[in-house]
Amino acid sequence: MSDTHAETVLFVRETMLPQQEPPSSSTGAIGWARQNLFSGWLNSVITVVAGLFIIGLVLHIVPWFVSPTWMATSLNECRDMVTAAGHTDGACWGVIRERWQQLLFGFYPPELYWRPVVALLMLFVAIAPVLFSDFVSRKLLVVTAAFPFVMPWLLWGGTVWTPVMAALGFVIGYLVFRGFSGRVAGGLALFIAAIVAVLWWVLLSGLVAGAFASVLPLALTEVQSRAFGGFMLSITIGVAAIGCSLPIGILLALGRQSDLPLVKYMCVGFIEFIRGVPLITLLFVASTLLNIFLPPGTNFDIIVRVIIMDTLFASAYMAEVVRGGLAALPKGQYEGADSLGLNYWQAQRLIIMPQALKISIPGIVSTFIGVFKDTTLVSIISMFDPIGLSNAIRANQAWNGVYWELFIFIGAIFFVFCFSMSRYSMYLEKKLQTGHR
Amino acid sequence: MTDTAFQTTAAPSSLKVSDEVAIEIVNMNKWYGNFHVLRDINLTVNRGERIVIAGPSGSGKSTMIRCINRLEEHQSGKIIVDGTELTSDLKNIDKIRSEVGMCFQHFNLFPHLTILENCTLAPIWVRKVPRKEAIDTAMHFLEKVKIPDQANKYPGQLSGGQQQRVAIARSLCMKPRIMLFDEPTSALDPEMIKEVLDTMIQLAEEGMTMLCVTHEMGFARQVANRVIFMDQGQIVEQNEPEEFFNNPRSERTKLFLSQILGH
Ligand SMILES: Nc1ncnc2c1ncn2[C@@H]1O[C@H](COP(=O)(O)OP(=O)(O)OP(=O)(O)O)[C@@H](O)[C@H]1O
Ligand SMILES: [Mg+2]
């Protein structure tokens with residue numbers, strides 16, 4: 001052997017090994033768990049305890065859910081089926097099988113279920129071009145414009161001429177506005193147009209619709225408001241209140257900032273009054289007191305009354321949410337718009353509101369979700385929203401004592417709607433992100 | 001020609017100032033509550049004049065030029081812009097604002113609109129220019145301020161100097177007859193200051209009537225034909241730049257100049 005260091009050194013590497021992946025103990029699932037769940041003894045203990053708790057919970061709940069009671073026709077039958085299957089406790093799903101249609105449609109005539117279903121589908125088509133303006137053709141906005149007229153017609157039925165005449169009121173108002181707008185101040189023209197339109201709706205549209213109906217009787221079977229119930233009722237009230245409260249809330253927020261003291265204090269008074277009163281009180285007013293103030297003989301539909309109250313309530317909150325967005329805008333944005341010669345409404349529409357509303361998206365959507373869930377409060381004025389229906393179902397001898405199954409079903413559907421709204425708001429925020437300022 | 005805003009291209013020294021009056025301020029006073037911000041301001045600006053306004057902080061420089069397009073309201077005296085007196089009549093105010101461009105210290109671009117949309121918005125909505133034509137004009141002025149390639153970005157994606165040049169282009173798209181600048185470079189880093197000043201110098205050379213609040217004395221020397229010094233709400237001194245810097249008359253001006261040029 002020569003005197004190379006091969007003798008003095010035990011081993012010399014002659015070829016280099018290729019670089020290896022980090023050992024699995026520091027990456028992947030194990031690495032992640034080691035880093036996040038078992039770093040230190042305290043964390044390890046907490047992880048183990050929490051894990052046992054979750055496992056226990058699942059072991060407890062899953063058997064309850066997986067219960068062979070789908071075909072039961074009463075609570076007692078459920079209990080027999082559960083014992084027969086060898087369990088001590090189990091859900092009674094028979095109630096859902098028997099009553100799901102009622103939970104969705106209330107006492108709406110079953111042969112007419114297609115009408116609320118079509119209305120719901122139309123709702124989706126109508127909101128698509130508004131919510132997803134990037135993907136959905138603007139042509140669908142025609143559906144959006146028609147929806148407020150078609151939806152009530154589908155739900156309540158009656159002659160087709162009523163919604164047509166209602167829409168015609170807007171056309172007439174618009175034409176009047178166009179006719180006057182050159183000659184008098186913009187505000188006055190708008191005012192005259194509004195008066196003419198209201199006169200049309202109150203005095204003439206009913207007569208004209210009747211006349212048309214007698215010539216060409218196109219009509220759907222009428223359905224009374226008392227037959228409305230379940231999610232159909234919640235969605236009807238919710239959609240109407242949500243759709244109306246945003247524009248009204250924006251106007252209230254702007255009014256609150258107005259330089260005109262009368263406008264300002266009216267808006268402040270309205271907002272503070274509504275926010276100071278519980279919604280339930282307003283609903284009671286809608287169901288009982290309102291009739292006292294209305295001229296005798298007018299039969300103002302209870303659902304419309306509830307929608308009005310819900311809308312007013314939501315608008316007051318919306319106004320404050322929007323005001324928050326307005327307050328967050330730097331003063332420079334107003335000055336930038338002013339210095340270019342944009343007038344007040346142009347500045348609001350093109351510069352201020354797009355930014356203020358974007359800032360307020362989380363608050364606006366929270367308010368929307370709140371409005372939708374609060375529609376369940378109408379059960380206290382004996383309308384049959386899903387919660388009211390669940391009480392009604394329990395009043396039946398066969399299902400007396402069924403709570404969880406109904407509430408889980410109702411909760412799950414509410415969750416789908418509310419969670420979608422919440423996800424949409426996140427999507428929208430991301431979409432409107434235009435780089436840091 | 002698309003740009004009526006740029007009339008001549010002579011060198012600054014030979015720039016003509018017409019006899020036509022662009023802005024006339026007569027005995028104007030303004031208060032914030034009890035605080036007398038502007039005292040008896042008298043100022044006549046001819047068309048084509050380039051005026052630099054200097055003065056210590058809080059002396060009312062911003063307030064004065066903001067009165068000219070009614071971002072602030074004055075309480076007594078008269079302001080006549082382009083022959084129209086500023087009163088509380090909203091029609092007059094919007095008309096004057098569309099004739100008077102303004103650039104701010106913090107740019108005040110609209111962050112939710114692209115650069116191009118920022119520039120076309122007012123021409124389309126205020127001047128009722130067809131969209132196509134507004135875009136052409138906007139691109140023309142964006143080229144003039146040397147950032148046509150940024151047209152489809154958002155303001156948040158641009159540097160401060162670029163944003164200020166967009167702000168200038170945005171004002172120019174309205175084809176204003178007068179431009180107001182309120183410390184357009186004081187929020188910028190030194191190397192960006194130069195690019196903005198170059199744009200402003202170019203504008204001055206093309207004959208724009210300009211009122212400029214700035215502490216850039218080099219700019220004042222190069223383009224201004226009058227420097228106005230304000231202190232405590234009053235116009236203390238006004239003169240041609242050379243005279244103003246070399247032979248200031250009032251003590252207050254001397255003190256100010258020694259502070260600003262002394263180091
Ligand atoms: N909205 C306001 N309400 C009350 N006082 C104000 C208001 N705006 C400005 N002031 C006061 O008016 C005075 C003049 O302000 P202005 O902004 O015009 O000063 P300036 O000369 O532009 O100063 P700077 O160089 O710091 O910008 C200052 O003392 C300021 O405190
Ligand atoms: Mg200032």
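This dialogue walks through confidence, the chain contact, salt bridges and empty space in a predicted model.

Q: What conventions apply to this model?
A: It is predicted: local features need pLDDT of at least 70, side-chain atom pairs count only at pLDDT 80 or more, and totals for chains, interfaces and linings use all residues. Residues are numbered from 1 along each chain as its sequence is written, chains are lettered from A and ligands numbered from 1 in the order written, and side-chain values use heavy atoms, without hydrogens and water.

Q: What is the average pLDDT of chain B?
A: pLDDT is the predictor's confidence in each residue, from 0 to 100. Where it is low, the predicted coordinates should not be read in detail. Chain B averages 89, and 93% of its residues score at least 70. Residues 1-14 of chain B stay under 50. For that stretch the model has 26 contacts (heavy atoms within 4.5 Å) beyond four places in sequence. The model scores ipTM 0.89 and pTM 0.86.

Q: How many residues does each chain bring to the contact, and what area is buried?
A: Buried area is the accessible area (1.4 Å probe) that two parts lose on being put together, summed over both. Chain B brings 24 residues and chain A 21. About 2000 Å² is buried between them, with carbon and sulfur atoms giving 61%. B:Pro111, B:His112 and B:Trp125 supply 27% of the area that chain B buries against chain A, more than any other three residues.

Q: How many salt bridges are there over all chains?
A: A salt bridge is a side-chain nitrogen of Lys or Arg within 4 Å of a carboxyl oxygen of Asp or Glu. The count is 23 over all chains. Between chain B and chain A it is 2. A:Asp338 and B:Arg97 pair at 4.0 Å, N to O.

Q: Which parts does the salt bridge of A:Arg275 and A:Glu320 tie together?
A: Helices are DSSP runs (H or I, at least four residues), as are strands (E, at least two), numbered from the N terminus. The two side chains meet at 3.7 Å, N to O. A:Arg275 lies in helix 11 of chain A and A:Glu320 in helix 13 (residues 302-328), so the pair ties together parts that are 45 residues apart in sequence.

Q: How many cavities does the whole structure have?
A: Rolling a probe the size of a water molecule over the atoms shows where empty space is left. On a 1 Å grid over the protein atoms alone, a cavity is a set of points where a 1.4 Å probe fits but cannot get out; a pocket is an open set with protein on both sides within 12 Å along at least five of seven lines; lining residues have an atom within 4 Å of a point. Grid points are joined across faces, edges and corners, and a volume is the space filled by probe spheres set on the points. The search finds 2 cavities of 30 Å³ or more.

Q: What lines the second largest cavity?
A: This cavity holds about 30 Å³. Its lining includes A:Ser339, A:Leu340, B:Arg97 and B:Met174. Helix 2 and strand 6 (100-103) of chain B each supply at least two lining residues.

Q: What is the volume of the second largest pocket?
A: About 2100 Å³. Of its 43 lining residues, the closest to the centre are A:Asp259, A:Asn343, A:Tyr344, A:Trp345 and B:Leu90. Helix 15 of chain A gives the largest share, 6 residues.
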